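Colleague: Please give me a close look at the salt bridges in this model, with the surroundings of the side chains that form them.

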Amino acid sequence: MDILARIQAASITAPCLAPQHHHKHLQQLCFPMSTGHHFSCFYMHQNHFPVAMPGHPCRIPSGSIRCQSGAVEAPEMQDVKFSKSMLSFDMGKDRLSKVPASQIRNFSIIAHIDHGKSTLADKLLQVTGTVSDREMKEQFLDNMDLERERGITIKLQAARMRYVAKDGEPYCLNLIDTPGHVDFSYEVVSRSLAACEGALLVVDASQGVEAQTLANVYLALENNLEIIPVLNKIDLPGADPERVRNEIEEIVGLDCSEAIFCSAKEGIGIQEILESIVAKVPPPKDTSMNPLRALIFDSYYDPYRGVIVYFRVVDGSIKIHDKIQFMASGKEYEVDELGVLSPGQMQVNELFAGEVGYLAASIRSVADARVGDTITSSANKAGMALSGYQEAVPMVFCGLFPVDADQFGELREALEKLQLNDAALKYEPESSSAMGFGFRCGFLGLLHMEIVQERLEREYGLNLITTAPSVVYRVQCADNTVVECSNPCELPEPGKRVWIEEPFVNIEMITPKEYIGTLMELAQERRGEFKEMKYITESRASVIYILPLAEMVGDFFDQLKSRSKGYASMEYSLSGYRKSDLVRLDILINGEPMDPLAAIVHKDKAFAVGRALTQKLKELIPRQMFKIPIQAAIGTRVIASESISAMRKDVLAKCYGGDISRKKKLLKKQAEGKKRMKSVGRVEVPQDAFMAVLRLEKEVV
Amino acid sequence: MGSYVTTLCKEITSTLSQLPQASPLKTLFFGGGTPSLLPPQYLSRIVDTLDQHCGFQCDAEISMEMDPGTFDKQTLKQFLGLGVNRVSLGVQSFNEDFLKACGRSHGLQDVYEALDIITGLNVSNWSLDLISSLPHQTLEHWEECLREAIGLSPAHVSVYDLQIEEGTKFGVWYKPGHHPLPDEDKSASFYRLASSLLREAGYEHYEISNYAKPGFQCRHNMVYWKNQPYYGFGLGATSYFNGKRFSRPRKLKGYADFVELCINQSSDNFSANEEYLSFYSNTVESVEDRVCDTIMLSLRLASGLNLNELSKNFGHELRVHICKSFLPFINSGHAVAVDSKFKTVPPDTFSTALSEQSASKVLKDVIFIRLTDPDGFLLSNEIISSLFTDLPIK
């Protein structure tokens, strides 16, 4: 079991100098080409029925009980600082009641990870009485284990709050949470932002603006959102809100004269934020009379009710039992359940233009209700869909193989189940002589890949080997066809290729100036091409490179983080395909190619990679009864070679009456070890060796 | 000492008296610890007890492990008088430094005195233990040691590697395969050298670690390797009978309690007896265990695995299966198939036979499969564990 456990761990943790950084950096990935999907909808019940419904039975298919319980319970007030908010508690109970569109405010929060978005969201829910202190689990909006462990928000959620402003009017505030990261997130973020009229830009007053924040601010500006700058964590000793205010003005070009100083943790500035939302965020247009158009900004699969769709009504209205149509997929359904998120699901009968809600309509797969799609009424169809829908295009690929061949069926079932909830996940069967049967899987990006792997292992109890991630190459063939290929084994023969193109990304790194040099070095090592550098403040700079995506899917982020001691952040977007001098590097053990270890690498790096891989394998493959050559080759040309000498002696000297049981145990253990090895021809290769080499490949390729 | 021997004799009595008819012993072996320190009168009590309850066959082999420096001529003479007819002398090395290195309390002087006593008393069936792969040992040292041993012309020689057990001072000082211990390659060459020198000198390499002049194989130990039943008595002793392997408690108190229980059981009724069995004894060895035991033990012997016996005990299918598992090792020269006329079956013939439909027919002719000396023996763990991996039994 030991070894298995190690394998599990290994397969999910990329090798990095600073494992803590490893997961964190990922949230800064933004992947603009990833489209239409979002795998944010992975997380089922626990996310969607959080503590607001104590003991919410996700097993009860249609839950009328759950709906109001959280809302009506009298909240307990512990923090006297919020005397004013006592008022809103009472109002909080009425948050389902309808308000005119002019009193609706839809907003989201843009923040870099750790800049306090979750804490602020929690505080807003608390102050408006949407959730009582007692119900408040730390950081309400990210209550999924995986998210908590990584300190990131994967799940996108919404919360409807009722707030009576200073003007004495009750307002309906919809907070639409954007995921704080997700490569890939571009679509989700952009759809969530498109569902709002305003956004809080939360920046840590001691840290300043980060690359990811910037990307999302630009997205918000593109969507014409009213942006309210909030400087958070002003209570911290290192806080320098004035400096950060200037930084935002300089970088974003946003007027920050009215930026709100806040400490979500201490409850400072919360009231100001709420007032500012009411005053500055424009109300949605009242277009209730038009034909229904609702924008899907999230969906997830619930095994009892089918897909739950989160949407913003843009035009018209939607009622329970309405016949609706998804304009991109063309599928029609009847609304079984309609409600709002506050933040638990609470049923209502009808939602109007400007409102945010969810529906269930016995939809079988999230692929049928994709993010960005437009919901309209079957009876009174809208002429045009809302803009923004794109198919999900996986950008990063890897092979997933069960360690135990018997788990192939389970792996397939698990992938099927995950796909129900993750329209962006693609997979097809793959087999290899060394690894047996498995799947070639496509992901939106690295985080997506890691999360899928981790869920397969954690939730489905699978023990997996993953091959090094690869990207989609375009091969111009001699017969004038173009072959797209992500699996090194499928790369056409050198003779048939004219050239290979690979995807490149534009990468922007924001870093304190002392790390500029080391980060430029990093980018150069990764075949980066320098584009520009500008100082955003005296002490911080933005460095832009163009580099191959393949160089990024390895440990680039770990490196960025570790080389900048965690201070640099980054953001990337696909810039298109370019020709590169690429070769397929094969690894041969005892003359047999090890398909899963084959890699497409740049010609200049092939030698170093080949040497590193063969050396690693030599270290890890135990001696066997015969000598084993290990080679790295491009085509038939061997570029690196090692060999493992034959085993000389493995014998138990003494085996008398008293030793038999013990020796038998030893030999059986040795036999068990053999079962965990993969045979490559006559050579038995331990799983760990595969894992280690795959990990190394992620580093060096 | 006296009370331990009393307990031991009680165990013998209670165990043997429970048996309907205990047949006379063919072999008896005093080993583990240092039996040569046992005062002869105690040995006499033990032998008498055994004689009383089951007796000895007239040609019974009675061996005793003896360490240099722990006995004098008088003692050995008395042992011989009590029936001991085979002495296994734990010499270990003929080099003062190495004797110290392998943690022995005796010196070279003790070794030669012990040898004088043995030869002086005309003990013809005596064995000599040697240890190789000692720290700083070179091939030259080892050859010297082997030649010295051969010169003394013992009937039997056992050669072991230094075993580094975790938790001992050796385990703290040395790591196997690392300096100053010889590496795997060197340690293999020690083994090869022993095998070739001893065989040259007329010793049969009849078991992985054992060599004997014709007719002087240790009959007692052969019982273990042939997977035959044996009794075991005393602290930590292991027995194998009624299909059960059982280890006695290793601590004096636990052992005394165990014997007490045995005595109560023997005088008690049947149901209590069952309870004792379930409490102390392992369950009967499973078929898988018996197959594994058979493979593991028989392949230690130069004669190898008897396929006729294998099919008799476990069925014909297993025979074919095992032959298939052996194929790569036969092809690589680590194992050899032998037919009923004790002739080697060439690998090609063997492999062709296996690939044909008539496999079972041809394979009937292959009676033994044995590991080669020294190549197969040296890699016996690897081979045996591969065979285990291949076993069709879950």
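**Salt bridges, pair by pair**

Modeller: Arg458(A) counts as partly exposed, at 43% relative accessibility, where buried means under 20% relative accessible area, exposed means over 50%, and partly exposed lies in between (1.4 Å probe, protein chains only). This is a predicted model, in which local features need pLDDT of at least 70 and side-chain atom pairs count only at pLDDT 80 or more, while totals for chains, interfaces and linings use all residues. Residues are numbered from 1 along each chain as its sequence is written, chains are lettered from A and ligands numbered from 1 in the order in which they are written, and side-chain values use heavy atoms, with hydrogens and water left out.

The partner of Arg458(A) is Glu454(A), and their closest N and O atoms are 2.8 Å apart; a salt bridge here is a side-chain nitrogen of Lys or Arg within 4 Å of a carboxyl oxygen of Asp or Glu. Glu454(A), in contrast to its partner, is buried, with a relative accessible area of 7%. Both residues belong to helix H13 (residues 446–460) of chain A, where they lie 4 residues apart, about one turn of the helix; helices (H or I, at least four residues) and strands (E, at least two) are DSSP runs, numbered from the N terminus.

Another pair within a helix joins Glu619(A) to Lys616(A), with an N to O distance of 3.8 Å. These two are 3 residues apart in helix H17 (residues 603–620) of chain A, again separated by about one helical turn. Here Glu619(A) is exposed, at 60% relative accessibility, whereas Lys616(A), at 25%, is partly exposed.

In chain B, Arg245(B) forms a salt bridge with Asp293(B), the closest N and O atoms being 3.2 Å apart. This pair links distant parts of the chain, since Arg245(B) sits in strand E9 (residues 244–247) and Asp293(B) in helix H12 (residues 287–298), 48 residues apart. Both Arg245(B) and Asp293(B) are buried. Through shared partners, salt bridges bring these two into one network with Lys664(A), Lys668(A), Glu285(B), Glu288(B) and Asp289(B).

As for the wider setting, the rule gives 45 salt bridges over all chains. Chain A has 19 helices and 33 strands, and 63% of its 701 residues are buried.
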